[in-house]
Amino acid sequence: MAAFDEKNDSASMEIKLPVSIPAELEISGKPVALTGEKSNGRIFGTLRHLREKSLSIVAGDLLFTFRGSFRVRVNDQRVWSKEPYYSVHLLAELSEDGRRAELEFEIETEPLRSMPIPLGAAANMGLCDDTADDGRGGWTDQGPKQDLSCMQPGDVAFSGIRFKVADPEQNGGRSCVVRSNHRTFPAAGAVELEGAEPHRYLYLLHAAAWVPQGGEPVGVIAVTYKDGARQEIPVRAGVDCGNWWRPMLDLPNGPIAWTGENGSGKVGLFASAFRLDEKPVARLEFLPGKGVWMVAAASFANLRPGRTAGKPIVISEGKEWKKYDMPLRYLQGSPMDFSGRNHVPAGKFGHVVIRPDGHFAFENAPEQRIRFFGTNICQRLVAPTHEEADILVERLAMEGYNSVRFHQFEMFIMDWSKDDSLHFNPETLDRFQYFYAKLREKGMYITTDVCASRPIRPGDNIAECRSSNKNHYRKVLHFFSDSALENWKEYARRVFTLKNPYTGMSMAEDPAFFALNLDNEAPLYAVWNMFPELLSLVAERYAAWLRENGIYSEKLAAERGETFYRFLAERQRAVMEEESRFLREELGVKAILTNLNNNASPSLQPFRDMLPLLDAHIYHDHPTFPMNNWQAPVAFHQNADIAKYAAAMRESMPLRIPGKPLIVTEINYCYPNRFRSEMGAVAGAYSALQDWDGLYRFCYEFRRENIFSPKAPGAFSTLHEPISLLTERIIWFLFVRGDVAAASNVPLAYAWKSERYGEEFPPEFSQLGLIGRIGSVAADSKSEQVHKVDTSRPDWIDGLPPEFRKAAERFRKKASVTSLTGEIELDPAKVSLRVVTPKSEVLTFHNGNARGRFLDVKNANDFATVSVHSLDGKPLAESRDLLLFHLTDALASEEQYQTPARKLLLKDGKIPMLVARGRADVTLAVAPNDGWRVEALAADGSVLAPVKCEPGRAGISFPVETHRPEGATMIYHLSRP
């Protein structure tokens with residue numbers, strides 16, 4: 001395209017390049033990167049008295065080079081004409097009379113050529129790893145379920161670039177180069193190269209683990225040229241290289257080039273191009289940086305192939321999405337007001353105790369069982385103003401909660417003017433204590449952790465770490481540092497013995513403070529190697545332990561095998577015992593103690609068996625962060641848990657030990673998963689079937705400022721997220737009210753034999769939790785309360801009770817399964833779950849029709865959860881007061897996703913929330929002539945509009961539509977005289 005310069009003294013040829021596609025130009029041999037980031041308009045311009053000799057542009061697999069004498073100008077047209085293009089101009093000067101311009105150039109084309117580089121001589125690790133953390137074997141040394149055995153050696157190609165992955169069987173078991181400064185791997189060699197051909201690009205097929213922050217180096221490529229010159233090229237996290245586990249995002253210089261599946265899920269490698277000096281290369285070395293850097297293959301190439309990119313998907317109000325107003329307050333006395341169901345105040349019947357049957361009751365009312373239903377109040381929200389606390393407490397009570405977990409509160413009540421973490425800010429402490437007291441008044445019991453997120457400050461006097469804002473350091477330190485453990489104790493003393501002026505009691509003595517976790521998400525097996533800086537401390541304590549036991553050798557001290565994990569087991573047990581003793585004996589804490597609330601592994605069951613209370617964390621589609629933690633872009637699977645036989649729920653079912661209550665203090669089917677309405681039926685029904693004792697959504701909100709100035713929800717916050725808030729109501733009916741019956745079978749119990757690291761509950765066993773109650777016991781247990789199952793026996797399924805043997809066969813065939821109670825039916829192939837009880841029915845399904853006994857739904861247009869519940873506590877067929885939910889999906893306005901599949905969130909949205917269009921035809925099996933009135937409700941419980949219902953032979957029928965003329969709705973109230 002020809003155009004005149006804006007100063008009318010030159011003419012140009014224009015080439016337009018879309019900004020959505022990363023590109024790299026070369027102007028007189030100098031690279032100019034077009035990254036897609038918006039600029040100030042002018043990206044490059046040749047000075048008027050100078051001329052360029054060449055302009056090179058890649059299109060597909062061809063390099064086009066314009067050679068001549070001209071000026072070049074590169075503009076970002078988003079600034080000038082609002083067009084989504086880069087404009088590349090080749091400029092020719094006008095003649096003096098302004099009537100003529102000549103632009104003469106030659107065009108050369110060069111096809112893509114690549115040459116695989118043999119890495120065998122440099123390789124130090126294989127693709128397969130039989131034993132985790134032994135300093136040899138394969139890939140990242142994380143064991144057989146976390147290796148790259150799914151990759152076949154040999155030829156691999158990406159966008160025309162050829163790679164060759166070395167065959168470990170022909171190279172002494174070595175295939176790839178793995179480098180790290182904090183994990184131990186065998187020494188890696190260098191690649192010595194022959195030949196005199198210059199190369200323009202070096203390509204790597206690579207990835208990283210324990211990935212540092214974006215922009216930080218995971219490694220360095222050291223290039224030595226034949227002329228002796230040396231070039232060092234940093235390989236940057238989030239730019240050139242990303243996490244090999246669950247890769248979701250094409251990086252600026254690292255599109256995803258290969259993916260596979262290992263025992264832990266999807267894994268992948270990135271293909272990155274690095275510009276060389278176009279001279280013959282003599283030697284390549286791969287030097288470690290931060291994290292772990294894995295290089296599977298390398299290749300030389302003459303150009304960087306062009307890439308394509310789609311236009312981001314932006315969520316906006318229109319035909320498919322309609323504004324849904326979220327209330328700060330619910331209408332008192334409306335169907336959405338669940339308050340009045342708690343006894344008040346919390347602690348009215350004395351301390352919470354554990355009955356002989358392993359469930360909660362009260363010391364002064366042992367016959368009165370309680371199931372806890374709560375949410376997590378996190379970070380800045382733990383200290384709202386008094387006015388904000390009053391509003392929040394009223395709202396939480398109306399949502400049916402009878403408990404709250406304060407999480408990560410430590411740093412938000414700290415006095416940051418002090419040089420330690422042991423003093424409290426008077427203002428925020430007062431707010432916290434007032435909030436605590438108001439929750440208690442409304443019948444809400446409290447739980448929290450001693451250690452979750454407290455930083456380390458100089459005045460804490462921890463010998464091995466003077467200061468750190470990495471608040472998870474403590475999870476490792478107090479296992480190996482005596483001074484860190486003493487600081488843990490002193491903090492506990494100050495928090496739990498402090499008198500609350502609004503209750504007149506300390507938390508230690510308060511009967512409303514019912515449970516206390518020692519250390520949040522800190523099983524030593526999982527955290528000991530979390531921080532490279534602390535590995536020398538771990539090694540020092542391990543060596544001392546070996547000497548104390550008379551078994552020290554340099555070889556054993558260097559290994560991280562069975563003896564090392566026995567050492568970790570002893571530390572886990574000793575620290576838990578000391579922490580528990582201190583809280584009980586020295587502080588007089590009456591709350592029930594628990595610990596080890598994540599990592600559903602039989603390896604931890606011997607330690608859990610030391611505790612009176614079991615705790616678990618459950619997540620479905622937890623976000624991952626391809627670049628920087630807790631920042632966009634954010635990656636999700638966008639799959640349904642139902643399709644995996646409710647894996648997220650059932651994987652924690654074997655944790656139950658006879659005689660011990662089980663609570664789940666964190667559970668979420670995370671936003672923006674399109675199937676998350678399934679949580680109501682999955683969590684509500686199966687926790688009741690297993691007869692668990694508490695569920696806590698993670699989380700309500702993190703920031704107090706978001707109460708009155710709402711922001712779009714992140715992956716966890718529910719304060720302004722309609723699907724999460726409404727599924728909570730379904731869970732209340734199924735679990736808290738107890739509409740779903742607990743299974744009456746003698747629980748099947750997985751028999752654990754030791755605390756051997758790396759054990760897992762077989763999925764074939766956890767699946768049985770969808771049928772009836774399951775759990776686990778020590779192999780030598782004499783308990784008569786369970787049916788022990790030894791899954792190490794090849795024929796263990798043959799020894800199951802008949803109904804479980806039949807179910808195991810159905811699981812093998814991937815068929816639908818029904819609970820022993822007959823109330824829950826799950827069909828993974830149809831992605832459907834039916835919960836049918838006398839007082840509630842829930843149908844979660846994908847398109848079309850679904851039917852219970854009382855509720856019949858037809859013509860649903862998408863994945864939906866439709867449920868109906870008796871509000872007056874009578875069976876559905878006899879009730880005069882019903883609440884019905886029709887849940888589709890909801891997203892924040894202006895959220896941006898990479899594709900319509902919504903697996904990669906590129907940009908957070910904002911309020912208002914938008915509800916997806918959905919409709920269905922509902923029939924309820926009631927007497928058709930009883931004068932039923934149907935009303936669509938707003939989110940606060942007020943009446944939005946009447947809905948016409950039609951009587952018929954099967955009952956009454958009416959349409960449910962999320963997009964109504966009066967506004968969006970997902971709630972219906974039905975009543976009769």
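A disulfide is taken here as a pair of cysteine sulfur atoms within 2.5 Å. The model examined is a predicted one. Under this criterion the structure contains 0 disulfides. Cys150 takes part in none, and the nearest cysteine sulfur, that of Cys128, lies 9.2 Å away. The relative accessible area of Cys150 is 25%, which places this residue in the partly exposed class. For Cys465, the closest cysteine sulfur belongs to Cys451 at 13 Å; this is too far for a bond, because the sulfur atoms of a disulfide must lie within 2.5 Å. Cys465 is buried, with a relative accessible area of 9%.

In soluble globular proteins, nonpolar side chains tend to be buried together. In the present model, the largest nonpolar core comprises 181 residues. The members of this core that touch the most other members are Phe406, Phe496, Leu583, Met649 and Tyr686. A second core, separate from the largest, has 40 residues, among them Met248, Ile256, Ala273 and Leu303. The surroundings of Met649 were examined with its neighbours within four places in sequence left aside. On this basis Met649 is in contact with Ile618, Asp641, Ile667, Tyr669, Val682, Ala683, Tyr686, Ser687 and Trp692. Tyr686 thus appears both in the contact list of Met649 and among the core residues that touch the most other members.

Enclosed space was considered next. The structure holds 5 cavities of 30 Å³ or more, and the largest cavity encloses about 130 Å³. Its lining is made up of 14 residues, with Phe432, Gln433, Val495, Leu498 and Met507 the closest to the cavity centre. Helix H4 (426-441) and strand S30 (505-506) are the elements that give two or more residues to this lining. H4 provides the largest share, 4 residues. By residue class, the lining of the largest cavity has 9 nonpolar, 4 polar and 1 charged residues.

Among the open sites, the second largest pocket has a volume of about 510 Å³. Of the 31 residues that line this pocket, Glu24, Ser56, Ile57, Val58 and Leu63 lie nearest its centre. The elements contributing two or more residues to its lining are strands S2 (10-18), S3 (23-27), S6 (52-59), S7 (62-76) and S9 (105-111). The largest share, 5 residues, comes from S6. The lining of the second largest pocket divides into 13 nonpolar, 8 polar and 10 charged residues.

Technical notes: Residues are numbered from 1 along each chain as its sequence is written. This is a predicted model: local features need pLDDT of at least 70, side-chain atom pairs count only at pLDDT 80 or more; totals for chains, interfaces and linings use all residues. Side-chain values use heavy atoms; hydrogens and water are left out. Buried means under 20% relative accessible area, exposed over 50%, partly exposed in between (1.4 Å probe, protein chains only). A nonpolar core is a set of buried Ala, Val, Leu, Ile, Met, Phe, Trp, Tyr and Cys residues joined through side-chain atoms within 4.5 Å. Contact means heavy atoms within 4.5 Å. On a 1 Å grid over the protein atoms alone, a cavity is a set of points where a 1.4 Å probe fits but cannot get out, and a pocket is an open set with protein on both sides within 12 Å along at least five of seven lines; lining residues have an atom within 4 Å of a point. Grid points are joined across faces, edges and corners, and a volume is the space filled by probe spheres set on the points. Ala, Val, Leu, Ile, Met, Phe, Trp, Tyr, Cys and Pro count as nonpolar, Asp, Glu, Lys and Arg as charged, and the others, Gly among them, as polar.
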